[in-house]
Amino acid sequence: MNASDLFVKALENEGVEIIYAVPGEENLDFLEALRKSSIKLILNRHEQGAAFMAATYGRLTGKPGVCLSTLGPGATNLVTGAAYAQLGAFPMVMITGQKPIKASKQGQFQIVDVVGMMRPLTKYTRQIVNVTRIPGIVREAFRQAMEERPGAVHLELPEDIAREPVDKSTAPVFQIARAHRPIADERAVQDAAEMIRAARYPLLLIGAGANRNRVFDALSRFVTETGIFFFNTQMGKGVVDENSPLCLGTAALSSDDYIHCAIDRSDLVINVGHDVVEKPPFFMEHGGKKVIHINFKTASVDNVYFPQLGVIGDIAGSINRLRELLGPLSKDCAYFQIIKKELDIHLRERTDDDSFPMKPQRLVADVRKVMPAEGVIALDNGVYKIWFARNYLAAAPNTILLDNALATMGAGLPSAMEVARLYPGRPVMAICGDGGFLMNSQELETAVRLALNLVVLVIEDNAYGMIRWKQYAMGYPDFGLTFNNPDFVLYAQSYGIKGHRIESARTLAPLLESCFAEGGIHLVALPVDYSENNKVLIEELKAKVCLL
(Lines give C-alpha, C1' and ligand atoms only; values in the text may rest on other atoms or scores of the structure.)
Protein backbone atom coordinates (compact mmCIF):
# COMPACT_ATOMS: atom_id res chain seq x y z
CA MET A 1 0.00 0.00 0.00
CA ASN A 2 1.20 3.50 -0.81
CA ALA A 3 -0.09 6.89 0.35
CA SER A 4 -2.58 7.12 -2.52
CA ASP A 5 -4.05 3.73 -1.62
CA LEU A 6 -4.34 4.89 1.99
CA PHE A 7 -5.98 8.16 0.93
CA VAL A 8 -8.56 6.32 -1.18
CA LYS A 9 -9.32 3.87 1.65
CA ALA A 10 -9.94 6.85 3.91
CA LEU A 11 -12.34 8.26 1.30
CA GLU A 12 -14.15 4.92 1.11
CA ASN A 13 -14.43 5.00 4.89
CA GLU A 14 -16.25 8.34 4.55
CA GLY A 15 -18.77 6.76 2.20
CA VAL A 16 -17.46 8.46 -0.96
CA GLU A 17 -19.01 6.88 -4.05
CA ILE A 18 -18.15 9.41 -6.78
CA ILE A 19 -15.24 11.71 -7.57
CA TYR A 20 -15.58 14.36 -10.29
CA ALA A 21 -12.24 15.04 -11.87
CA VAL A 22 -9.91 16.57 -14.43
CA PRO A 23 -6.71 14.72 -13.44
CA GLY A 24 -3.11 15.58 -14.32
CA GLU A 25 0.21 13.79 -14.15
CA GLU A 26 0.61 14.69 -10.47
CA ASN A 27 -2.56 12.67 -9.76
CA LEU A 28 -1.56 9.46 -11.53
CA ASP A 29 -0.73 7.44 -8.40
CA PHE A 30 -4.00 8.61 -6.86
CA LEU A 31 -5.84 7.75 -10.09
CA GLU A 32 -4.41 4.21 -10.02
CA ALA A 33 -5.60 3.81 -6.43
CA LEU A 34 -9.06 4.96 -7.53
CA ARG A 35 -9.07 2.39 -10.34
CA LYS A 36 -8.67 -0.39 -7.79
CA SER A 37 -11.31 1.04 -5.42
CA SER A 38 -15.10 1.04 -5.16
CA ILE A 39 -15.24 4.77 -5.99
CA LYS A 40 -16.50 5.77 -9.42
CA LEU A 41 -14.59 8.41 -11.39
CA ILE A 42 -16.53 10.93 -13.49
CA LEU A 43 -14.25 12.68 -15.94
CA ASN A 44 -15.26 16.30 -16.56
CA ARG A 45 -14.23 18.69 -19.30
CA HIS A 46 -13.36 21.59 -16.99
CA GLU A 47 -12.51 21.80 -13.30
CA GLN A 48 -15.40 24.22 -12.76
CA GLY A 49 -17.80 21.57 -14.03
CA ALA A 50 -16.31 19.02 -11.63
CA ALA A 51 -16.60 21.41 -8.69
CA PHE A 52 -20.16 22.50 -9.49
CA MET A 53 -21.28 18.87 -9.77
CA ALA A 54 -19.55 17.98 -6.49
CA ALA A 55 -21.08 20.98 -4.72
CA THR A 56 -24.54 20.08 -6.01
CA TYR A 57 -24.08 16.53 -4.74
CA GLY A 58 -23.33 18.03 -1.33
CA ARG A 59 -26.26 20.43 -1.55
CA LEU A 60 -28.75 17.65 -2.26
CA THR A 61 -27.42 14.81 -0.09
CA GLY A 62 -25.84 16.62 2.86
CA LYS A 63 -22.70 14.51 2.30
CA PRO A 64 -19.56 16.13 0.88
CA GLY A 65 -19.12 15.90 -2.86
CA VAL A 66 -15.53 15.25 -3.90
CA CYS A 67 -13.66 16.71 -6.87
CA LEU A 68 -10.10 16.31 -8.08
CA SER A 69 -7.69 18.44 -10.10
CA THR A 70 -4.00 18.67 -10.78
CA LEU A 71 -1.69 21.46 -9.64
CA GLY A 72 -1.36 25.02 -11.00
CA PRO A 73 -4.02 25.86 -13.60
CA GLY A 74 -6.11 22.85 -12.61
CA ALA A 75 -6.23 24.04 -9.02
CA THR A 76 -6.86 27.68 -9.94
CA ASN A 77 -9.80 26.54 -12.06
CA LEU A 78 -11.36 25.13 -8.86
CA VAL A 79 -11.39 28.52 -7.15
CA THR A 80 -14.84 29.55 -8.39
CA GLY A 81 -16.23 26.17 -7.38
CA ALA A 82 -14.69 26.58 -3.92
CA ALA A 83 -16.36 29.96 -3.48
CA TYR A 84 -19.65 28.55 -4.83
CA ALA A 85 -19.70 25.79 -2.20
CA GLN A 86 -18.37 27.94 0.63
CA LEU A 87 -20.85 30.79 0.20
CA GLY A 88 -23.72 28.44 -0.60
CA ALA A 89 -23.01 26.20 2.44
CA PHE A 90 -22.66 23.10 0.25
CA PRO A 91 -20.33 20.44 1.73
CA MET A 92 -17.50 19.72 -0.71
CA VAL A 93 -13.97 18.26 -0.57
CA MET A 94 -11.41 19.35 -3.16
CA ILE A 95 -8.25 17.31 -3.77
CA THR A 96 -5.41 18.80 -5.79
CA GLY A 97 -2.01 17.51 -6.86
CA GLN A 98 1.33 19.24 -6.49
CA LYS A 99 4.93 18.83 -7.66
CA PRO A 100 7.24 16.81 -5.38
CA ILE A 101 7.99 18.71 -2.19
CA LYS A 102 11.06 16.79 -1.00
CA ALA A 103 13.09 17.05 -4.21
CA SER A 104 12.10 18.65 -7.51
CA LYS A 105 14.05 19.33 -10.71
CA GLN A 106 11.43 21.58 -12.36
CA GLY A 107 11.98 24.82 -10.47
CA GLN A 108 8.75 26.77 -10.08
CA PHE A 109 7.09 25.37 -13.21
CA GLN A 110 3.28 25.42 -12.65
CA ILE A 111 3.74 25.92 -8.93
CA VAL A 112 1.49 28.32 -7.06
CA ASP A 113 0.67 28.34 -3.35
CA VAL A 114 -2.61 26.46 -3.68
CA VAL A 115 -3.09 25.99 0.07
CA GLY A 116 -2.61 29.72 0.61
CA MET A 117 -4.91 30.48 -2.32
CA MET A 118 -7.67 28.25 -0.89
CA ARG A 119 -7.39 29.49 2.69
CA PRO A 120 -9.85 32.43 2.42
CA LEU A 121 -12.27 30.32 0.33
CA THR A 122 -12.52 27.21 2.51
CA LYS A 123 -13.18 26.06 6.05
CA TYR A 124 -10.04 23.91 6.08
CA THR A 125 -7.04 23.50 3.77
CA ARG A 126 -3.96 21.30 4.25
CA GLN A 127 -0.98 20.06 2.31
CA ILE A 128 -0.25 16.43 3.17
CA VAL A 129 3.42 16.04 4.07
CA ASN A 130 3.29 13.00 6.35
CA VAL A 131 1.81 9.73 5.10
CA THR A 132 0.84 8.52 8.56
CA ARG A 133 -1.42 11.55 9.06
CA ILE A 134 -3.59 10.91 6.00
CA PRO A 135 -6.47 9.08 7.78
CA GLY A 136 -6.78 11.76 10.45
CA ILE A 137 -6.56 14.66 7.97
CA VAL A 138 -9.23 13.13 5.72
CA ARG A 139 -11.55 12.54 8.69
CA GLU A 140 -11.08 16.13 9.87
CA ALA A 141 -11.69 17.51 6.37
CA PHE A 142 -14.99 15.64 6.06
CA ARG A 143 -16.06 16.62 9.57
CA GLN A 144 -15.52 20.29 8.84
CA ALA A 145 -17.17 20.11 5.42
CA MET A 146 -20.38 18.71 6.97
CA GLU A 147 -20.49 20.57 10.25
CA GLU A 148 -22.86 23.54 10.38
CA ARG A 149 -22.34 25.82 8.60
CA PRO A 150 -21.28 23.36 5.81
CA GLY A 151 -18.81 24.41 3.15
CA ALA A 152 -15.69 23.69 1.12
CA VAL A 153 -12.47 22.08 2.29
CA HIS A 154 -9.24 21.39 0.39
CA LEU A 155 -6.46 18.80 0.57
CA GLU A 156 -3.24 18.92 -1.46
CA LEU A 157 -1.42 15.64 -2.18
CA PRO A 158 2.09 16.21 -3.58
CA GLU A 159 3.33 13.79 -6.21
CA ASP A 160 6.17 12.30 -4.17
CA ILE A 161 4.05 11.87 -1.04
CA ALA A 162 1.33 10.19 -3.14
CA ARG A 163 3.64 7.26 -4.00
CA GLU A 164 5.34 6.83 -0.63
CA PRO A 165 4.92 3.38 0.94
CA VAL A 166 2.75 3.08 4.02
CA ASP A 167 4.05 1.44 7.17
CA LYS A 168 1.97 -1.55 8.21
CA SER A 169 1.38 -0.01 11.62
CA THR A 170 -0.54 2.94 10.15
CA ALA A 171 -4.28 2.62 10.78
CA PRO A 172 -5.97 2.86 7.36
CA VAL A 173 -9.14 4.58 8.61
CA PHE A 174 -10.51 6.57 11.52
CA GLN A 175 -13.77 5.65 13.20
CA ILE A 176 -16.49 8.18 12.40
CA ALA A 177 -17.89 9.47 15.68
CA ARG A 178 -21.61 9.99 16.05
CA ALA A 179 -22.52 13.62 16.63
CA HIS A 180 -25.69 14.94 18.26
CA ARG A 181 -27.02 18.33 17.25
CA PRO A 182 -27.17 20.90 20.07
CA ILE A 183 -30.62 21.75 21.40
CA ALA A 184 -31.67 25.36 21.90
CA ASP A 185 -31.98 26.68 25.44
CA GLU A 186 -35.54 26.17 26.70
CA ARG A 187 -35.70 29.71 28.12
CA ALA A 188 -34.87 31.13 24.69
CA VAL A 189 -37.61 29.05 23.07
CA GLN A 190 -40.14 30.20 25.67
CA ASP A 191 -39.09 33.83 25.19
CA ALA A 192 -39.59 33.41 21.44
CA ALA A 193 -43.07 31.99 22.02
CA GLU A 194 -43.94 34.97 24.24
CA MET A 195 -42.74 37.42 21.58
CA ILE A 196 -44.83 35.68 18.91
CA ARG A 197 -47.94 35.69 21.11
CA ALA A 198 -47.45 39.40 21.82
CA ALA A 199 -46.94 40.37 18.16
CA ARG A 200 -49.90 41.63 16.18
CA TYR A 201 -48.49 40.99 12.69
CA PRO A 202 -45.84 38.24 12.93
CA LEU A 203 -44.20 36.99 9.73
CA LEU A 204 -42.09 33.89 9.22
CA LEU A 205 -39.02 34.23 6.97
CA ILE A 206 -37.45 31.03 5.60
CA GLY A 207 -33.81 31.43 4.61
CA ALA A 208 -31.04 29.33 3.08
CA GLY A 209 -30.02 27.77 6.38
CA ALA A 210 -33.48 26.22 6.73
CA ASN A 211 -32.96 24.23 3.54
CA ARG A 212 -31.89 21.08 5.40
CA ASN A 213 -33.57 17.68 5.29
CA ARG A 214 -34.78 17.60 8.90
CA VAL A 215 -36.22 21.12 8.76
CA PHE A 216 -38.74 20.68 5.92
CA ASP A 217 -41.41 18.80 7.88
CA ALA A 218 -40.92 20.85 11.03
CA LEU A 219 -41.52 24.16 9.25
CA SER A 220 -44.48 22.84 7.24
CA ARG A 221 -46.19 21.68 10.43
CA PHE A 222 -45.37 24.99 12.14
CA VAL A 223 -47.02 27.02 9.37
CA THR A 224 -50.06 24.75 9.15
CA GLU A 225 -50.74 24.63 12.89
CA THR A 226 -49.95 28.24 13.85
CA GLY A 227 -51.43 29.90 10.75
CA ILE A 228 -48.54 32.39 10.52
CA PHE A 229 -47.94 33.87 7.06
CA PHE A 230 -44.48 33.25 5.61
CA PHE A 231 -42.12 34.26 2.83
CA ASN A 232 -38.80 32.92 1.53
CA THR A 233 -35.43 34.09 0.46
CA GLN A 234 -34.39 32.77 -2.95
CA MET A 235 -32.44 29.88 -1.44
CA GLY A 236 -35.28 29.08 0.95
CA LYS A 237 -37.75 28.37 -1.84
CA GLY A 238 -39.71 25.15 -1.50
CA VAL A 239 -38.83 24.42 2.13
CA VAL A 240 -42.57 24.98 2.68
CA ASP A 241 -44.94 24.55 -0.27
CA GLU A 242 -45.26 27.97 -1.94
CA ASN A 243 -48.77 27.10 -3.11
CA SER A 244 -49.89 27.52 0.50
CA PRO A 245 -52.54 30.24 1.08
CA LEU A 246 -50.16 31.55 3.76
CA CYS A 247 -47.23 32.12 1.37
CA LEU A 248 -46.49 35.75 0.55
CA GLY A 249 -43.82 34.98 -2.02
CA THR A 250 -40.07 35.21 -2.41
CA ALA A 251 -37.86 38.17 -1.60
CA ALA A 252 -36.24 38.32 -5.02
CA LEU A 253 -35.89 42.11 -5.22
CA SER A 254 -34.27 44.47 -2.74
CA SER A 255 -37.34 46.71 -2.34
CA ASP A 256 -40.76 47.76 -3.69
CA ASP A 257 -42.11 44.24 -4.22
CA TYR A 258 -45.41 43.05 -2.78
CA ILE A 259 -43.67 41.16 0.00
CA HIS A 260 -42.07 44.40 1.17
CA CYS A 261 -45.56 45.81 1.85
CA ALA A 262 -46.11 42.92 4.25
CA ILE A 263 -42.66 43.31 5.81
CA ASP A 264 -43.29 47.01 6.41
CA ARG A 265 -46.56 46.20 8.20
CA SER A 266 -45.08 43.39 10.29
CA ASP A 267 -44.03 44.06 13.88
CA LEU A 268 -42.12 40.78 14.28
CA VAL A 269 -40.11 38.68 11.83
CA ILE A 270 -39.33 35.10 12.84
CA ASN A 271 -36.17 34.64 10.81
CA VAL A 272 -35.41 30.94 10.35
CA GLY A 273 -32.13 29.97 8.72
CA HIS A 274 -30.90 33.48 8.01
CA ASP A 275 -27.62 33.39 6.09
CA VAL A 276 -25.67 36.58 5.51
CA VAL A 277 -24.49 35.36 2.10
CA GLU A 278 -27.92 36.15 0.65
CA LYS A 279 -28.95 39.72 -0.03
CA PRO A 280 -30.87 40.97 3.03
CA PRO A 281 -34.60 40.42 2.38
CA PHE A 282 -35.35 43.31 4.70
CA PHE A 283 -33.45 45.96 6.64
CA MET A 284 -33.85 46.35 10.38
CA GLU A 285 -34.09 49.80 11.93
CA HIS A 286 -33.61 50.81 15.56
CA GLY A 287 -37.02 51.17 17.15
CA GLY A 288 -38.65 49.24 14.30
CA LYS A 289 -39.88 45.68 14.00
CA LYS A 290 -38.43 43.01 16.25
CA VAL A 291 -36.61 39.95 14.95
CA ILE A 292 -36.18 36.46 16.36
CA HIS A 293 -33.12 34.68 14.93
CA ILE A 294 -33.63 30.89 14.79
CA ASN A 295 -30.59 29.09 13.46
CA PHE A 296 -27.79 26.62 14.11
CA LYS A 297 -25.45 29.52 14.86
CA THR A 298 -25.70 32.96 16.41
CA ALA A 299 -26.44 35.95 14.20
CA SER A 300 -23.77 37.95 12.45
CA VAL A 301 -24.70 41.46 13.53
CA ASP A 302 -24.37 44.49 11.27
CA ASN A 303 -26.11 47.83 10.73
CA VAL A 304 -29.20 46.26 9.16
CA TYR A 305 -29.45 43.02 11.15
CA PHE A 306 -29.37 42.97 14.96
CA PRO A 307 -32.02 40.52 16.24
CA GLN A 308 -33.44 40.98 19.72
CA LEU A 309 -33.51 37.24 20.44
CA GLY A 310 -31.49 34.25 19.27
CA VAL A 311 -32.78 30.68 19.45
CA ILE A 312 -29.59 28.77 18.72
CA GLY A 313 -29.46 25.04 18.12
CA ASP A 314 -30.95 22.42 15.84
CA ILE A 315 -33.53 24.33 13.76
CA ALA A 316 -35.98 21.44 13.48
CA GLY A 317 -35.93 20.89 17.23
CA SER A 318 -36.44 24.62 17.92
CA ILE A 319 -39.35 24.90 15.49
CA ASN A 320 -41.04 21.76 16.81
CA ARG A 321 -40.79 23.01 20.39
CA LEU A 322 -42.15 26.44 19.39
CA ARG A 323 -45.08 24.81 17.62
CA GLU A 324 -45.91 22.82 20.75
CA LEU A 325 -45.82 25.95 22.90
CA LEU A 326 -47.87 28.12 20.52
CA GLY A 327 -50.54 25.92 18.99
CA PRO A 328 -53.09 27.67 16.71
CA LEU A 329 -52.80 31.46 16.84
CA SER A 330 -55.48 34.08 16.37
CA LYS A 331 -53.88 37.03 14.61
CA ASP A 332 -55.10 39.96 12.53
CA CYS A 333 -54.36 38.58 9.05
CA ALA A 334 -56.59 40.88 7.00
CA TYR A 335 -53.76 42.96 5.58
CA PHE A 336 -51.61 39.95 4.72
CA GLN A 337 -54.61 38.38 2.98
CA ILE A 338 -54.96 41.55 0.85
CA ILE A 339 -51.28 41.35 -0.09
CA LYS A 340 -51.65 37.66 -0.91
CA LYS A 341 -54.62 38.35 -3.18
CA GLU A 342 -52.84 41.18 -5.00
CA LEU A 343 -49.68 39.12 -5.39
CA ASP A 344 -51.60 36.17 -6.87
CA ILE A 345 -53.23 38.48 -9.42
CA HIS A 346 -49.88 40.06 -10.27
CA LEU A 347 -48.16 36.68 -10.79
CA ARG A 348 -50.87 35.63 -13.26
CA GLU A 349 -50.43 38.71 -15.46
CA ARG A 350 -49.14 38.09 -19.01
CA THR A 351 -48.80 34.36 -18.41
CA ASP A 352 -50.88 33.73 -21.55
CA ASP A 353 -49.16 36.41 -23.68
CA ASP A 354 -48.63 34.94 -27.17
CA SER A 355 -46.18 37.62 -28.34
CA PHE A 356 -42.75 36.55 -29.53
CA PRO A 357 -39.93 36.66 -28.48
CA MET A 358 -41.48 35.34 -25.30
CA LYS A 359 -42.25 37.43 -22.27
CA PRO A 360 -40.57 36.19 -19.08
CA GLN A 361 -43.95 35.73 -17.36
CA ARG A 362 -45.13 33.33 -20.09
CA LEU A 363 -41.79 31.52 -20.02
CA VAL A 364 -41.95 30.89 -16.26
CA ALA A 365 -45.63 29.90 -16.39
CA ASP A 366 -45.07 27.38 -19.20
CA VAL A 367 -42.07 25.81 -17.46
CA ARG A 368 -44.10 25.54 -14.23
CA LYS A 369 -46.99 23.96 -16.17
CA VAL A 370 -44.71 21.33 -17.68
CA MET A 371 -42.69 20.44 -14.57
CA PRO A 372 -44.36 18.07 -12.09
CA ALA A 373 -44.14 18.80 -8.36
CA GLU A 374 -41.04 16.60 -8.00
CA GLY A 375 -39.38 17.93 -11.16
CA VAL A 376 -36.22 20.00 -10.68
CA ILE A 377 -35.08 23.15 -12.43
CA ALA A 378 -31.48 24.30 -11.96
CA LEU A 379 -30.86 27.92 -12.87
CA ASP A 380 -27.71 29.60 -14.01
CA ASN A 381 -27.39 33.31 -13.21
CA GLY A 382 -29.03 36.12 -15.12
CA VAL A 383 -32.06 38.38 -14.97
CA TYR A 384 -34.33 35.38 -15.67
CA LYS A 385 -33.35 34.12 -12.20
CA ILE A 386 -35.32 37.00 -10.67
CA TRP A 387 -38.38 36.07 -12.74
CA PHE A 388 -38.18 32.43 -11.68
CA ALA A 389 -37.54 33.35 -8.04
CA ARG A 390 -40.67 35.54 -7.96
CA ASN A 391 -43.04 33.69 -10.31
CA TYR A 392 -42.15 29.99 -10.08
CA LEU A 393 -43.87 28.43 -7.07
CA ALA A 394 -41.89 25.53 -5.63
CA ALA A 395 -44.03 22.77 -4.13
CA ALA A 396 -41.18 20.77 -2.58
CA PRO A 397 -37.64 21.37 -1.24
CA ASN A 398 -34.74 21.52 -3.68
CA THR A 399 -36.98 21.52 -6.75
CA ILE A 400 -35.67 24.93 -7.83
CA LEU A 401 -31.90 25.18 -7.46
CA LEU A 402 -30.59 28.70 -7.77
CA ASP A 403 -27.55 30.40 -6.39
CA ASN A 404 -28.13 33.61 -4.47
CA ALA A 405 -24.81 33.43 -2.63
CA LEU A 406 -21.87 33.58 -5.06
CA ALA A 407 -24.38 33.91 -7.91
CA THR A 408 -21.84 32.75 -10.45
CA MET A 409 -22.55 32.23 -14.11
CA GLY A 410 -21.66 28.84 -15.56
CA ALA A 411 -23.04 26.68 -12.72
CA GLY A 412 -26.52 25.95 -14.09
CA LEU A 413 -25.68 23.16 -16.54
CA PRO A 414 -23.30 21.16 -14.28
CA SER A 415 -25.73 21.51 -11.36
CA ALA A 416 -28.61 20.17 -13.45
CA MET A 417 -26.41 17.33 -14.68
CA GLU A 418 -25.73 16.22 -11.12
CA VAL A 419 -29.45 16.35 -10.26
CA ALA A 420 -30.19 14.21 -13.32
CA ARG A 421 -27.46 11.76 -12.33
CA LEU A 422 -28.66 11.50 -8.73
CA TYR A 423 -32.38 11.27 -9.58
CA PRO A 424 -32.67 9.56 -12.98
CA GLY A 425 -36.43 9.12 -12.63
CA ARG A 426 -37.24 12.81 -12.11
CA PRO A 427 -37.67 15.42 -14.86
CA VAL A 428 -34.70 17.82 -14.71
CA MET A 429 -34.19 21.06 -16.61
CA ALA A 430 -31.18 23.36 -16.76
CA ILE A 431 -32.21 26.97 -17.41
CA CYS A 432 -29.32 29.11 -18.64
CA GLY A 433 -28.80 32.45 -20.29
CA ASP A 434 -26.80 32.49 -23.49
CA GLY A 435 -23.90 34.10 -21.61
CA GLY A 436 -23.69 31.65 -18.71
CA PHE A 437 -24.41 28.59 -20.84
CA LEU A 438 -21.33 29.04 -23.03
CA MET A 439 -19.09 29.34 -19.97
CA ASN A 440 -19.37 25.59 -19.30
CA SER A 441 -21.27 24.24 -22.31
CA GLN A 442 -18.43 21.76 -22.95
CA GLU A 443 -19.93 19.68 -20.12
CA LEU A 444 -22.61 18.60 -22.60
CA GLU A 445 -20.11 15.95 -23.68
CA THR A 446 -19.93 14.71 -20.08
CA ALA A 447 -23.74 14.61 -19.95
CA VAL A 448 -23.84 12.54 -23.14
CA ARG A 449 -21.21 10.14 -21.79
CA LEU A 450 -23.23 9.71 -18.59
CA ALA A 451 -26.39 9.02 -20.65
CA LEU A 452 -28.41 11.52 -18.66
CA ASN A 453 -32.03 12.52 -19.17
CA LEU A 454 -31.92 16.30 -19.26
CA VAL A 455 -33.51 19.28 -20.97
CA VAL A 456 -31.29 22.36 -21.36
CA LEU A 457 -33.24 25.58 -21.95
CA VAL A 458 -31.00 28.34 -23.31
CA ILE A 459 -32.56 31.80 -23.06
CA GLU A 460 -31.29 34.06 -25.82
CA ASP A 461 -31.06 37.83 -25.63
CA ASN A 462 -27.56 38.15 -27.17
CA ALA A 463 -26.30 40.10 -24.19
CA TYR A 464 -25.23 39.93 -20.57
CA GLY A 465 -28.83 40.78 -19.82
CA MET A 466 -28.75 41.36 -16.07
CA ILE A 467 -25.93 43.89 -16.31
CA ARG A 468 -27.48 45.52 -19.37
CA TRP A 469 -30.73 45.96 -17.43
CA LYS A 470 -28.90 47.54 -14.50
CA GLN A 471 -26.95 49.74 -16.92
CA TYR A 472 -30.27 51.03 -18.28
CA ALA A 473 -31.77 51.47 -14.80
CA MET A 474 -28.77 53.58 -13.75
CA GLY A 475 -29.24 55.87 -16.72
CA TYR A 476 -26.13 54.86 -18.66
CA PRO A 477 -26.04 54.48 -22.47
CA ASP A 478 -26.36 50.95 -23.88
CA PHE A 479 -22.70 50.01 -24.31
CA GLY A 480 -20.35 47.03 -24.16
CA LEU A 481 -22.69 44.20 -23.15
CA THR A 482 -24.02 42.63 -26.37
CA PHE A 483 -22.58 39.72 -28.35
CA ASN A 484 -23.39 37.16 -31.04
CA ASN A 485 -24.26 33.51 -30.47
CA PRO A 486 -23.60 30.29 -32.37
CA ASP A 487 -26.51 28.38 -33.86
CA PHE A 488 -27.46 26.51 -30.70
CA VAL A 489 -29.37 23.82 -32.61
CA LEU A 490 -26.27 22.94 -34.65
CA TYR A 491 -24.14 23.29 -31.54
CA ALA A 492 -26.29 20.70 -29.74
CA GLN A 493 -26.16 18.38 -32.72
CA SER A 494 -22.37 18.53 -32.71
CA TYR A 495 -22.48 16.76 -29.35
CA GLY A 496 -24.90 14.16 -30.67
CA ILE A 497 -27.92 15.58 -28.83
CA LYS A 498 -31.17 16.97 -30.18
CA GLY A 499 -31.44 20.71 -30.66
CA HIS A 500 -34.67 22.69 -30.99
CA ARG A 501 -35.44 26.34 -31.67
CA ILE A 502 -38.65 27.96 -30.40
CA GLU A 503 -40.26 30.28 -32.94
CA SER A 504 -43.68 30.76 -31.32
CA ALA A 505 -44.72 31.19 -27.70
CA ARG A 506 -47.36 28.51 -28.11
CA THR A 507 -44.82 25.83 -29.00
CA LEU A 508 -42.64 25.96 -25.86
CA ALA A 509 -44.77 23.92 -23.43
CA PRO A 510 -45.66 21.16 -25.95
CA LEU A 511 -42.02 20.87 -27.03
CA LEU A 512 -40.77 20.59 -23.43
CA GLU A 513 -43.34 17.90 -22.72
CA SER A 514 -42.26 15.91 -25.78
CA CYS A 515 -38.58 16.26 -24.82
CA PHE A 516 -39.22 14.81 -21.38
CA ALA A 517 -41.39 12.05 -22.83
CA GLU A 518 -38.67 11.06 -25.31
CA GLY A 519 -35.83 11.11 -22.78
CA GLY A 520 -32.16 11.70 -23.44
CA ILE A 521 -30.61 15.17 -23.69
CA HIS A 522 -32.36 18.00 -25.50
CA LEU A 523 -31.25 21.60 -25.96
CA VAL A 524 -34.00 24.18 -26.52
CA ALA A 525 -33.04 27.66 -27.73
CA LEU A 526 -35.59 30.33 -26.76
CA PRO A 527 -35.47 34.05 -27.69
CA VAL A 528 -36.84 36.20 -24.86
CA ASP A 529 -38.16 39.77 -24.68
CA TYR A 530 -36.65 41.47 -21.64
CA SER A 531 -38.48 44.77 -22.17
CA GLU A 532 -40.69 43.62 -19.30
CA ASN A 533 -37.83 44.01 -16.83
CA ASN A 534 -38.17 47.74 -16.39
CA LYS A 535 -41.91 47.85 -16.95
CA VAL A 536 -42.84 45.23 -14.37
CA LEU A 537 -39.94 44.96 -11.93
CA ILE A 538 -39.37 48.70 -11.56
CA GLU A 539 -42.15 50.94 -12.88
CA GLU A 540 -45.25 48.86 -12.05
CA LEU A 541 -43.99 47.81 -8.63
CA LYS A 542 -43.16 51.38 -7.67
CA ALA A 543 -46.65 52.47 -8.79
CA LYS A 544 -48.49 49.87 -6.67
CA VAL A 545 -50.29 50.96 -3.51
CA CYS A 546 -49.38 49.17 -0.29
CA LEU A 547 -52.35 50.52 1.70
CA LEU A 548 -50.26 50.87 4.82
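**Note on helix packing, cores and one loop residue**

1. Helices α10 and α12 are roughly parallel to each other, because their packing angle of about 20 degrees falls under the 35 degrees that count as roughly parallel. The model is a predicted one, and in it the axes of α10 (residues 215-226) and α12 (residues 315-326) lie 9 Å apart, with α10 passing α12 in a left-handed crossing.

2. On the α10 side, the residues that meet α12 are Val 215, Ala 218, Leu 219, Arg 221, Phe 222, Glu 225 and Thr 226, and their partners in α12 are Ile 315, Ala 316, Ile 319, Asn 320, Leu 322, Arg 323 and Leu 326. Sorted by class, this contact has nine nonpolar, two polar and three charged residues.

3. The largest nonpolar core has 154 residues, and those touching the most other members are Leu 204, Leu 219, Val 367, Ile 377, Phe 388, Ile 431 and Phe 437. Helix α3 (residues 47-61) supplies the largest share of this core, eight residues. Another core, of 32 residues, lies apart from it and includes Val 8, Ile 95, Tyr 124 and Val 153.

4. Not counting residues up to four places away in sequence, Ile 377 touches Val 367, Met 371, Phe 388, Tyr 392, Thr 399, Ile 400, Leu 401, Met 429 and Ile 431.

5. Pro 182, found in the loop between α8 (159-162) and α9 (186-198), is exposed, with a relative accessible area of 54%. Its contacts, leaving aside neighbours within four places in sequence, are with Gly 313 and Asp 314, while its C-alpha atom is separated by 38 Å from that of Phe 30, 152 residues apart along the chain.

Conventions: Residues numbered from 1 in each chain as written. Predicted model: local features only at pLDDT ≥ 70, side-chain atom pairs only at ≥ 80, totals over all residues. Heavy atoms only, no water. Core = buried A, V, L, I, M, F, W, Y, C linked by side-chain atoms within 4.5 Å. Buried < 20%, exposed > 50% of the residue type's maximum accessible area, 1.4 Å probe, protein only. Helix = DSSP H or I, 4+ residues; strand = E, 2+ residues; numbered from the N terminus. Contact = heavy atoms within 4.5 Å. Axes fitted to C-alpha atoms, helices over the stretch in contact; angles between N-to-C directions. Parallel < 35°, antiparallel > 145°, perpendicular 65-115°, else oblique. Left-handed = near helix turned anticlockwise from the far one by under 90°. Nonpolar A, V, L, I, M, F, W, Y, C, P; charged D, E, K, R; others polar.
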